[in-house]
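Subject: Structure for your review

Dear colleague,

Please find below the structure that I promised to hand over. My notes on it follow.

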Amino acid sequence: MLVDANQMAQGDSVETDLCIIGGGAAGITIARALGAEPIRIALLESGGLDFKLETQAFNAGESVGLPYFPLDAARMRYFGGTTNHWGGTCRPLDDLDFTRREGIPNTGWPIGRADLEPYRARAADICGLPSDEWDLTTWLDRSPYEALPFEKRVVTRVAQIVEPSLRSFGRRYREAVKALPDVTAYLNANVVDIVLDDSGSRAERVQVATLEGKRFSVKARCFVLATGGIENPRLLLASRSQRPAGIGNGHDLVGRYFLEHPRFDGGVIRPLSESFHGGFYQPHLVGESRILGYLGLDRQLLVQEGLVDVQIRLTPEQPAFYERVKESGDLDALRRLVNRVRKGSGKGDLAEDLDTLAEDLTSWRRFTAPGTPLPAPRPELLEYIANAQPDEVEDLLPEFFGDVAVFAYGQTTNGIPADAMQLSTRIDPVPNPDSRVTLSNERDALGMPRVQLDWRLTALDRSSAARTLEILGMELGSAGLGRLKVLFDPEDDGWPDDLEGGYHHCGTTRMSDDPTKGVVDRDCRVHDLPNLWIGGSSVFVTAGSGTPTMTVVALALRLADHLKEVLR
């Protein structure tokens with residue numbers, strides 16, 4: 001059931017078994033996983049079913065560290081959370097991501113990949129992936145493209161991409177949540193305080209407020225905080241009426257170890273071989289799955305050299321004629337027609353798009369001699385080609401074959417060599433306690449302290465990126481594939497001007513068996529409260545070599561199993 005919190009009676013009190021704060025990937029997954037159990041669940045979502053600026057404004061805050069996105073744009077605040085603006089890239093964390101790394105401080109989860117393995121296939125399905133296959137060889141056997149032929153030091157990895165129509169948990173699971181008999185999702189319900197019992201040893205209730213002025217409380221046996229890597233520490237730190245340092249913050253750890261996946265343009269590859277196309281490293285369909293290859297260093301080499309993991313994306317710079325083809329109106333017409341077939345309706349004029357496509361696909365007729373038994377080029381065309389420069393011939397290809405045919409050739413074969421490959425580097429950074437979320441003196445419309453983000457990276461992050469690019473350059477040369485021009489100066493103490501994050505907010509309520517080193521234990525329970533758990537990427541110890549969403553969902557499924565036992 002969905003309830004607009006603005007319709008609640010002023011000062012009302014809701015009693016339930018489990019209160020989930022946050023209706024994003026973690027919160028929705030836990031509610032659905034427990035939906036068949038005889039457990040009363042209240043799911044509190046700050047926003048409604050659609051984006052609203054006034055609700056989004058609660059996210060505003062100040063960045064005082066490395067340059068970062070505006071905080072009111074860095075996560076979404078309505079049903080489905082940031083999955084409403086998710087790029088859909090998925091890859092689970094590897095064994096090494098969970099391992100304590102010698103020489104890399106603050107690494108090592110209290111759980112391993114094996115603890116999440118029972119939930120991985122379900123997590124992939126919940127995220128919208130048709131496959132839970134991550135083995136490179138399996139995908140190469142089915143892909144029309146080949147991986148680059150490196151020796152062991154540089155390896156190719158595979159990510160999968162969720163189709164856009166399946167990415168939003170809010171749209172995809174709205175009706176499922178609505179139909180759960182013991183789940184009530186309260187929309188426009190902003191939690192402004194976590195209240196402990198008189199002894200201060202248990203969470204007793206949360207105070208809820210709406211923008212329209214309604215205030216009420218939710219009392220529960222158990223609570224799950226699942227509002228993201230910035231809002232989770234914000235609410236814990238702001239709930240200080242009974243604990244001045246905030247809830248769960250007895251060791252000054254809440255908000256520390258803020259992690260992102262920093263990325264920047266690391267270099268440009270100039271191919272030496274015409275066989276360097278890189279098709280496997282662009283999003284492409286293999287069966288029902290859309291996959292994407294990327295590069296990294298071999299795990300054993302990372303350990304030997306004491307490096308953090310750096311992932312490298314390849315983006316081709318195609319010849320000018322092919323770039324023009326990709327932006328042509330003929331392809332736009334084709335895309336609109338494909339959408340009509342898939343959805344039964346679409347934008348644009350159907351007849352006009354069909355005419356455009358038909359004309360493009362028969363472009364060759366303008367260049368053939370009339371009256372010949374079989375299509376043959378006009379003599380003047382042959383003379384032009386014989387005397388033209390290579391780039392002039394390339395410019396003629398779309399005119400002769402048509403934009404759609406040239407584009408299809410480039411997509412289905414390794415037929416269009418790249419002039420260059422841009423390298424985008426993404427770092428799995430060192431967990432750093434000085435990188436943190438704190439509260440500012442400013443307050444939002446409901447009186448909640450706003451956040452201050454101090455995002456920091458370390459010298460090891462910088463040197464790992466430089467060394468990874470150095471090794472890649474050597475391997476490219478050894479394989480005769482190309483030459484790498486590094487755009488990143490490892491001697492510079494700063495970071496490139498194009499440094500940015502990936503909207504991956506991790507680590508701010510990190511997991512540890514030791515309460516002096518983490519906010520939650522291996523079951524995601526806040527160490528000094530027996531009935532408060534935390535869901536989402538804020539419990540991550542490292543950001544990892546994969547992307548967070550699949551792991552967030554797997555952890556949520558694992559937490560749901562734990563809560564079943566607790567609430568029986």
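A residue is called buried here when its relative accessible area is under 20%. Cysteine 506, at 0% relative accessibility, is therefore buried. Please bear in mind that this is a predicted model.

Cysteine 90 likewise counts as buried, at 0% relative accessibility. How many disulfides does the structure hold? The count is 0. For cysteine 90, the closest cysteine sulfur is that of cysteine 127, and no bond is assigned because the 4.6 Å between the two sulfurs is too far; a disulfide requires a pair within 2.5 Å.

Turning to the interior, the largest nonpolar core comprises 96 residues, and Leu18 and Val206 have the most contacts inside it. Helix α16 (residues 548–567) gives the most to this core, namely 11 residues. At least three residues of the core come from each of domain 1 (2–128 + 163–262 + 429–457 + 495–567) and domain 2 (129–162 + 263–317 + 418–428 + 458–494). Beyond its neighbours within four places in sequence, valine 206 is in contact with residues including Cys19, Leu44, Asp193, Phe216 and Phe223. Another core, of 52 residues, lies apart from the largest one; among its members are Val154, Ile230, Phe258 and Ala418.

Finally, strands β16 (residues 436–443) and β17 (residues 449–454) run antiparallel and are joined by 5 bridges. Arginine 436 stands opposite aspartate 454 of β17. The two strands form a hairpin with 5 residues between them, and glycine 447 in the turn has a positive phi of about 90 degrees.

Yours sincerely

Conventions: Residues numbered from 1 in each chain as written. Predicted model: local features only at pLDDT ≥ 70, side-chain atom pairs only at ≥ 80, totals over all residues. Heavy atoms only, no water. Buried < 20%, exposed > 50% of the residue type's maximum accessible area, 1.4 Å probe, protein only. Pairing = 2+ DSSP bridges. Helix = DSSP H or I, 4+ residues; strand = E, 2+ residues; numbered from the N terminus. Core = buried A, V, L, I, M, F, W, Y, C linked by side-chain atoms within 4.5 Å. Domains from an automatic or database assignment. Contact = heavy atoms within 4.5 Å.
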